[in-house]
Amino acid sequence: MSDHGHTWQPDVRLVSEQFSQSPQKLSFYSWYGSARLFHFRVPPDAVLLRWLLQVSWGSSPTCTNVEITVYFRYGAPPVINPLGTSFPANTSVQPSFFIKMLQSNASVNISHPAPGDWFVVAHLPPSSQKIEVKDFVPTCAYVFQPDMLVVRVVEVSVLEPDVPLPQNLLSHPSYLKIFVPKYTQELRLELQGCVSNGSLGCPVRLTVGSATLPSNFQKVLTCTGPTQACRLLLPSPPWDRWLQVTAKSLAGPHVSVAFSAVAALTACRVWNMNVQPLLPSSLNQSCNISTGLMSPSPSYQDQGRNSRLGNGPFCLMSYAVTREDVDVVSVRFRPLDRVLVLVQSDTPSVMQLYLNTGMDSGGSLTISLWANQSLITKNSWVVACVNAASPFLSFNTSLNCTTAFFQGYPLFLSASSREANLIIPYPETDTWYLSLQLVCPESPEECVEAVVFVESALSLVPCLHDCGPYGQCLLLRRHGYLYAGCSCKAGWRGWSCTDNSTAQTVAQQKAAALLLTLSNLLFLAPIAVSVYRSLLVEAAVYTYTMFFSTFYHACDQPGEAVLCILNYDTLQYCDFLGSGVSMWVTILCMARLKAALKYVLYLLGTLVFAMSLQLDRRGAWNTMGPCLFAFVVMVTMWVYRCGHRRQCYPTSWQRWVFYLLPGISMATVALAIYTSMMTSDNYYYTHSIWHMLLAGSAAFLLPPRDKHTEPWACSKKLTCHYQICKNHREELYTVT
């Protein structure tokens with residue numbers, strides 16, 4: 001509920017408090033994990049909530065004014081869908097409340113906010129799918145920070161049930177609250193004896209309840225005429241909590257309005273479906289084995305102070321539910337000591353699902369119901385309602401599942417459809433209720449004696465079906481709050497990676513896997529050239545790169561074409577290390593250094609690569625920095641030889657035309673593809689081209705063998721199958 005134009009006058013009963021969190025850098029949206037989440041807690045008795053939103057960015061030319069989307073929700077993280085993808089079947093999603101920021105500052109006001117958890121989510125526009133090389137191209141950092149300003153009441157009048165509370169309105173509203181105990185069936189608020197400046201009339205606006213987002217179910221009652229009954233009836237108000245009531249005069253700033261506020265609670269009798277344990281001393285007791293149910297025992301519950309307990313029929317049958325915590329954001333609910341739930345036509349059957357720990361709103365609530373088909377007649381239905389705060393009990397008058405301040409989720413079981421499923425992503429932090437009742441809209445007499453047994457499967461899961469075969473369920477964290485999201489692969493999208501509108505086919509997945517893996521076979525060319533020219537260390541490095549690049553990309557594939565011989569992280573690290581060291585040894589080999597110095601630099605460079613990749617595997621300069629150093633060494637040696645020999649180095653024009661220029665061209669094109677042309681859609685063939693160009697450039701750029709070194713280096717074989725490798729420069733013989 002946004003209220004931008006309201007001006008609050010000074011009131012000694014009001015105090016203001018401000019809450020802030022550390023800012024976060026925004027990202028372009030690709031999945032829920034790329035949005036930034038902020039978690040706040042609003043204190044009780046708040047009358048105004050003001051969000052102060054600030055965005056800052058740098059002054060570089062790459063920083064432009066972009067549209068930032070900010071979502072707000074009470075009780076759980078917002079369920080957003082910026083990409084317009086589809087949700088899984090049977091998923092219930094409410095529209096999100098959001099604003100779009102085009103300036104650096106904005107504010108949102110909410111009157112009478114609900115106390116408890118509030119969440120803010122912000123993100124930049126959807127990403128372009130281009131794969132950016134980290135630190136290679138300057139990017140703009142957009143930093144977002146929301147501050148929460150709360151105005152709350154320190155003096156609130158408590159409205160006791162059935163006790164009139166006199167009020168006198170002048171320039172400031174009256175703030176009241178009433179406690180609604182558990183098992184309250186109905187709440188009635190009434191203004192009595194209302195007079196304005198001594199004359200009959202009741203210019204009062206009554207606001208009951210707190211504002212929530214994205215849906216707001218506050219009740220507003222406007223009393224005007226003297227003969228109009230000024231009362232409000234609330235069926236199934238939220239249980240076990242305080243309910244805010246605000247009375248404001250509509251007669252002007254200097255007109256006095258006097259009245260008495262009266263609240264009446266109607267409590268109901270609860271039938272507890274308790275199963276008596278079979279004790280060793282009572283083995284002669286028996287139970288109905290066919291239904292698995294024992295005789296229910298009615299019990300009267302504590303209805304709270306001054307509330308009235310009706311002597312009429314029971315208003316609900318309560319089934320105790322066991323909560324079993326399985327893992328983080330993973331809970332199972334089971335009816336206590338029974339599998340089936342008895343459903344009748346005269347009284348709703350109710351189960352409580354406790355999702356109020358503060359850590360349960362980051363998953364998905366899944367509800368599945370099955371009914372015995374033989375027990376449901378053609379004209380009868382089993383209607384189920386899933387509500388937060390209080391159960392829906394008015395099945396005899398309506399089937400819309402609406403309580404006083406919550407729109408529930410309906411489920412229907414019939415003879416033709418004996419199974420019903422419901423998925424609620426990010427359920428609100430609260431006690432949830434599942435209420436069921438048998439209804440016969442066409443012939444109610446058929447339901448009088450009918451009984452249906454319903455089986456239920458109730459659980460809270462981090463991700464539905466673990467995001468399926470084309471997704472990965474990831475646990476996200478903001479300070480101490482944990483929530484889950486699906487990261488999709490192979491073109492699949494959506495909340496649970498079930499939207500296949502842009503998905504790759506199995507044939508495309510296999511083609512991508514073959515391209516990315518088999519393209520590494522071109523490293524056989526530099527391996528063969530290295531061995532032919534007696535560059536055995538270089539050949540070993542290229543072999544290492546070919547092996548780990550092949551199996552890393554075989555493991556990196558989504559969907560079905562996947563082969564992992566080692567841990568994914570290990571394969572990725574070895575692939576990045578091999579690529580960097582391959583470029584390092586190729587450039588240094590072109591410098592034609594002395595053997596001792598060359599191998600020392602080989603080892604030092606490998607150690608530097610190992611350290612830098614451990615620090616930041618995606619950083620561009622972790623690879624480019626050592627390669628630039630090697631390039632400087634190579635140029636220095638070439639310039640030195642040019643001056644020493646007084647001719648260009650390398651001296652042969654054939655070397656330049658047929659080897660160096662093709663190799664340099666291939667390396668330049670490979671660098672251009674790697675830094676500016678790769679996207680998520682073309683990755684499998686652009687990266688394959690990168691593999692081939694990198695291997696080809698290495699084969700062309702490797703220096704020729706020494707004139708007095710024989711081809712293949714180790715061509716002399718002994719009868720015992722050992723080989724003697726001779727180095728004419730150092731006159732050393734080694735047995736290999």
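These exercises, each with a worked solution, walk through a predicted model of one protein.

**Exercise 1. Overall make-up**

Task: State how many helices and strands the protein has, and what share of its residues is buried.

Solution. Start with the elements. The protein has eight helices and 35 strands. Next, take burial. Of the 736 residues, 47% are buried. Last, look at the contacts. Among contacts with a separation of 6 or more, 76% join residues 24 or more positions apart.

**Exercise 2. Confidence**

Task: Find the mean pLDDT, then find stretches where the pLDDT is below 50.

Solution. First, the mean pLDDT is 84, and 87% of the residues reach 70 or more. Second, residues 275–310 have a pLDDT below 50. That stretch has 59 contacts in the model beyond near neighbours in sequence. Third, residues 715–720 also have a pLDDT below 50. They have eight contacts in the model beyond near neighbours in sequence. Where pLDDT is low, predicted coordinates should not be read in detail.

**Exercise 3. The largest nonpolar core**

Task: Say how many residues the largest nonpolar core has, and which helix gives the most to it.

Solution. Begin with the count. The core has 46 residues. Tyr542, Trp584, Val585 and Leu588 have the most contacts inside it. Now list the helices that each supply at least two residues:

- H2 (524–532) and H3
- H4 (568–590) and H5 (595–615)
- H6 (621–645) and H7 (653–676)
- H8 (683–701)

H4 gives the most, with 12 residues. Then zoom in on Val585. Leaving out residues up to four places away in sequence, Val585 touches Glu538, Val541, Tyr542 and Tyr602. Another core lies apart from this one. That core has 40 residues, among them Leu355, Ile376, Leu438 and Cys447.

**Exercise 4. Thr550 in a helix**

Task: Decide whether Thr550 is buried or exposed, and name the backbone oxygen that its side chain reaches.

Solution. Place the residue: Thr550 is in helix H3, residues 536–555. Apply the cut-off: Thr550 has 17% relative accessibility, which is under 20%, so it counts as buried. Follow the side chain: it reaches the backbone oxygen of Met546 at 2.6 Å. Finish with the contacts: Thr550 touches Thr517 and Asn520, not counting residues up to four places away in sequence.

**Exercise 5. Two buried valines**

Task: Place Val204 and Val382 in their strands, then give the C-alpha separation of Val204 from Cys194 and of Val382 from Ser414.

Solution. Take Val204 first. Val204 lies in strand E16, residues 204–208. Its relative accessibility is 0%, so Val204 counts as buried. Val204 and Cys194 are 10 residues apart in sequence, and their C-alpha atoms are 9.0 Å apart. Beyond residues up to four places away, the contacts of Val204 include Leu169, Cys194, Leu221 and Phe259.

Now Val382. Val382 is in strand E27, residues 381–388. Its relative accessibility is 1%, so Val382 counts as buried. Val382 and Ser414 are 32 residues apart along the chain, with C-alpha atoms separated by 6.4 Å. Leaving aside neighbours within four places, the contacts of Val382 include Val343, Ile376, Leu438 and Val454.

**Exercise 6. The cavities**

Task: Say how many cavities of 30 Å³ or more there are, and what lines the largest.

Solution. A search of the whole structure finds three such cavities. The largest has a volume of about 120 Å³. Its lining has 13 residues. Arg73, Val79, Val93, Gln94 and Pro214 lie nearest its centre. Strands E6 (68–74) and E29 (419–425) are the elements that give two or more residues to this lining.

**Exercise 7. Backbone geometry in the loops**

Task: Find a cis peptide bond, and find positive phi values in residues other than glycine.

Solution. Recall the rule: most residues other than glycine have a negative phi, and most peptide bonds are trans. Now check the bond from Leu213 to Pro214: it is cis, with omega near 10°. Pro214 lies in the loop between E16 and E17 (219–223).

Turn to phi. Asn90 has a positive phi, near 70°. Asn90 is in the loop between E6 and E7 (97–101). With a relative accessible area of 44%, Asn90 is partly exposed. His112 has a positive phi too, near 50°. His112 is in the loop between E8 (105–111) and E9 (116–126). His112 has a relative accessible area of 11%, so it is buried.

Methods:
Residues are numbered from 1 along each chain as its sequence is written. This is a predicted model: local features need pLDDT of at least 70, side-chain atom pairs count only at pLDDT 80 or more; totals for chains, interfaces and linings use all residues. Side-chain values use heavy atoms; hydrogens and water are left out. Helices (H or I, at least four residues) and strands (E, at least two) are DSSP runs, numbered from the N terminus. Buried means under 20% relative accessible area, exposed over 50%, partly exposed in between (1.4 Å probe, protein chains only). A polar contact is a pair of N or O atoms within 3.5 Å; within protein, one must be able to donate a hydrogen and the other to accept it, and residues adjacent in sequence count only if both atoms are side-chain atoms. Contact means heavy atoms within 4.5 Å. A nonpolar core is a set of buried Ala, Val, Leu, Ile, Met, Phe, Trp, Tyr and Cys residues joined through side-chain atoms within 4.5 Å. pLDDT is the predictor's confidence in each residue, from 0 to 100. On a 1 Å grid over the protein atoms alone, a cavity is a set of points where a 1.4 Å probe fits but cannot get out, and a pocket is an open set with protein on both sides within 12 Å along at least five of seven lines; lining residues have an atom within 4 Å of a point. Grid points are joined across faces, edges and corners, and a volume is the space filled by probe spheres set on the points.
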